[in-house]
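Please open the model in your viewer and keep the selection tool at hand. We will go from stop to stop, and at each one you will hear what to select and what is there.

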Amino acid sequence: MQSNNVSLLEVKNLKVHFPVKTGMFSRVHETVKAVDDVSFSIAPGETLGLVGESGCGKTTLGRAIMRLVEPTAGSVFLDGEDITGMKGATLRVRRRKFQMIFQDPYGSLNPRMTVEQIVGEALDIHKLVDSSSARKKRIEELLQAVGLDALYAQRYPHEFSGGQRQRIGIARALAVEPKLIICDEPVSALDVSVQAQIINLLSDLQQQRGIAYLFIAHDLAVVEHISSRVMVMYLGKIVEAAEAEKMIREPLHPYTQALISAVPEVNPETKRQRVVLPGDVPSPIHPPEGCPFHPRCPIALEGKCSQEVPPLVEKAPGHFAACHFAGKKIAG
Amino acid sequence: MSLLEIKDLKLDFGRGAEAARAVDGVSLTIEAGETVCLVGESGCGKSVTAQSIARLVPVPPANYVGGEIWLNGRDVLKMPVGELREIRGGVVSYIFQEPGAALNPVFRVGNQIKESLKLHKPEKANNAEVIRLLKLVGIPAPESRIRNYPFEMSGGMQQRVMIAMALASEPKLLVADEPTTALDVTIQAQILDLLRDLKNRLGMAILLITHNLGIVGDMADRVAVMYAGQIVELAAAGELLRRPLHPYTKALMNSVPKLSGNMDRLVTIPGNVPRIGNFPPGCRFAPRCPVARPDCSAAVPALVEVEPQRWVRCPYWNDAIK
């Protein structure tokens, strides 16, 4: 999937396979294909959404891009530079360009560090400030940018609410002035009324600083709201990718159609047709033969979908789908 | 006589100077066969209210300061423990957010369901009845599933087992506390479908606790919105979603992104949800409210019936929010 501009991030045929060790001698018997041949790109200042259910590999994909887990195959280009094989100091310098914010605002901040230490650590590692007064000033700026009072710098994470902690996490990511932030479910642990604050903060920061986001979430409505393009992931594969609005209006893949219909609707006037998918998401250790979605798919054709893996192809300009019958409506 | 009538329930955590009011004057009725949703953010007292129906909140630290809970014609708060045991499961059953944590990991699911039958329907405590219940909640191949341990099942299947266990005693009221929050959207749709179907077939009432207004539209007949220990709005579900009256309900609805291709900026509620023991004086939403006036913080406004069957705790509900 290509975006029109020169890409900031380009992921090519990325695979992350985890060995599953079983038995007394811990031999590797099977592998989980958490990310299986995924390619996409993100333009500078763009937000790309990534949705999928638990276990589909969306978090692993984000972590593999950050090189927090090692990709099994494929490559990741950042600013045109292949970072897949980089190690140690070479990689650390590149980390200035891309940062991550996490789902759990409680677990992702060190409880023994003050806000100043948490945010300042990145400044120290990358030697971005040369005096302690400049450091203090920079931390104040960062806290103000995320809507926190500079007085909070001396406090510890436990003194803050979930939303405020997420702001601290964002300030920490912003400290190195990254070009890309990978947001892994940044609002799903927050209260509804606080979610909107963080979503707006992320869009403001993007407008002011031109940061690109890979926005990973399971909530389709949130992803659609913040993203210009959206990818849908199922069992390690991208099954559909398109502009956000287009995806919601004319989903091509039956899984996307089912996901959209499963979102409970607030407005009683716009009742969508409901399609309830049977069964559970299959185990990624034994993904089904053929199309990974076919056992749950209402329009799957025996003999075709159960044998041939559908490739991700461009069905309409900028609209990709991996389905033999892409565009066919599933009945309610 | 309603199936459930909660009258002016007041519950503290802690005693004396340490006491913090978690539920402050909640009144709510549920008729037989009705689905009522209790909506609110974390710490608003919705779960504590629901758990009080079978007096599941441990005392201490909790302390019932006032009110009555009439369930099936008897006051739960005055009941001796022996009678409570009959009510729990017999009249009201619960399902919770984390089915994995609610099931015992070392017993087969069939035996866990049978245990519920032994307590309330001893004559039916056999495999045939367990299989019938598992079939009822849509578990495929129940004959082999009864021998499964909880870890051998997915989250959606575990929640179905919980529902089967709750239904074993044929309760009149099912309290579902965020039953789908831990589940994926496609599984959430399955469980909500199941609850709706069971309600129609068995005619039981459901008290559904959720923070998701979309679920309210899908499931509820009536809905109560809670904020900081109090009900702030109570209405028929369709009415409330079409035309919310309390500023908090309005703000809550506007702050949720909707699937519509609409990229407008979200309307946010400033500040944070107040914590128990730290509720602001007067109207508790006033510090975050876009239409608050200086007198809002003076006294707690009353929950007033502003239109037939529409209750709002805000004297300025008619003011438009910009």
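Select helix 9 of chain A, residues 254-262. Pro254(A), Tyr255(A), Thr256(A), Gln257(A), Ala258(A), Leu259(A), Ile260(A), Ser261(A) and Ala262(A) are buried there, where buried means under 20% relative accessible area, exposed means over 50% and partly exposed lies in between (1.4 Å probe, protein chains only). That is nine of the nine residues of the helix, so helix 9 is largely enclosed by the rest of the structure. Helices (H or I, at least four residues) and strands (E, at least two) are DSSP runs, numbered from the N terminus.

What covers the buried residues of this helix? Show helix 7 (220-226), strand 9 (229-234), strand 10 (237-243) and helix 8 (244-249) of chain A, and add helix 8 (185-202) of chain B: the cover includes these elements.

A word on conventions before the next stop. This is a predicted model, in which local features need pLDDT of at least 70 and side-chain atom pairs count only at pLDDT 80 or more, while totals for chains, interfaces and linings use all residues. Residues are numbered from 1 along each chain as its sequence is written, chains are lettered from A and ligands numbered from 1 in the order in which they are written, and side-chain values use heavy atoms, with hydrogens and water left out.

**Chain A as a whole**

Now select all of chain A, which has nine helices and twelve strands. Its C-alpha atoms fill a box of roughly 70 × 55 × 45 Å along the principal axes. The radius of gyration is 21 Å, which agrees with the value near 20 Å for a compact globule of 332 residues; it is taken over C-alpha atoms, and the globule rule is 2.2 Å times the number of residues to the power 0.38. Of the 332 residues, 54% are buried. If you list contacts (heavy atoms within 4.5 Å), residues 24 or more positions apart account for 66% of those with a separation of 6 or more.

**Two loops of chain A**

Go to Glu185(A), in the loop between strand 7 (180-184) and helix 6 (192-209). Is this residue buried or exposed? Glu185(A) is buried, at a relative accessible area of 8%. Draw a distance to Ser188(A): the two side chains make a polar contact of 3.0 Å. Such a contact is a pair of N or O atoms within 3.5 Å; within protein, one must be able to donate a hydrogen and the other to accept it, and residues adjacent in sequence count only if both atoms are side-chain atoms. Beyond its neighbours within four places in sequence, Glu185(A) touches Lys58(A), Phe102(A), Gln103(A), Ile216(A), Ala217(A) and His218(A).

Next, pick Asp79(A) in the loop between strand 4 (73-78) and strand 5 (81-82). Asp79(A) is not a glycine, yet has a positive phi of about 55°. Most residues other than glycine have a negative phi, and most peptide bonds are trans. With 34% relative accessibility, Asp79(A) is partly exposed.

**Over to chain B**

Select chain B, with its eleven helices and twelve strands. The C-alpha trace spans about 65 × 50 × 35 Å along the principal axes, and 55% of the 322 residues are buried.

Zoom in on Pro60(B), in the loop between helix 1 (46-52) and strand 4 (62-71). Which peptide bonds here are cis? One joins Val59(B) and Pro60(B), with omega about -15°, and another joins Pro60(B) and Pro61(B), with omega about 10°. Pro60(B) is exposed, at 62% relative accessibility.

Then select Glu178(B), in the loop between strand 7 (173-177) and helix 8. Glu178(B) has a positive phi near 50° and is buried at 8% relative accessibility.

Finish at Ile146(B), in the loop between helix 6 (142-145) and helix 7 (155-167). Ile146(B) is buried, with a relative accessible area of 11%. Leaving aside neighbours within four places in sequence, its contacts are Arg108(B), Val109(B), Gly110(B), Asn127(B), Val130(B), Ile131(B) and Leu134(B). For a last distance, pick the C-alpha atoms of Ile146(B) and Met253(B): they are 42 Å apart in space and 107 residues apart in sequence.
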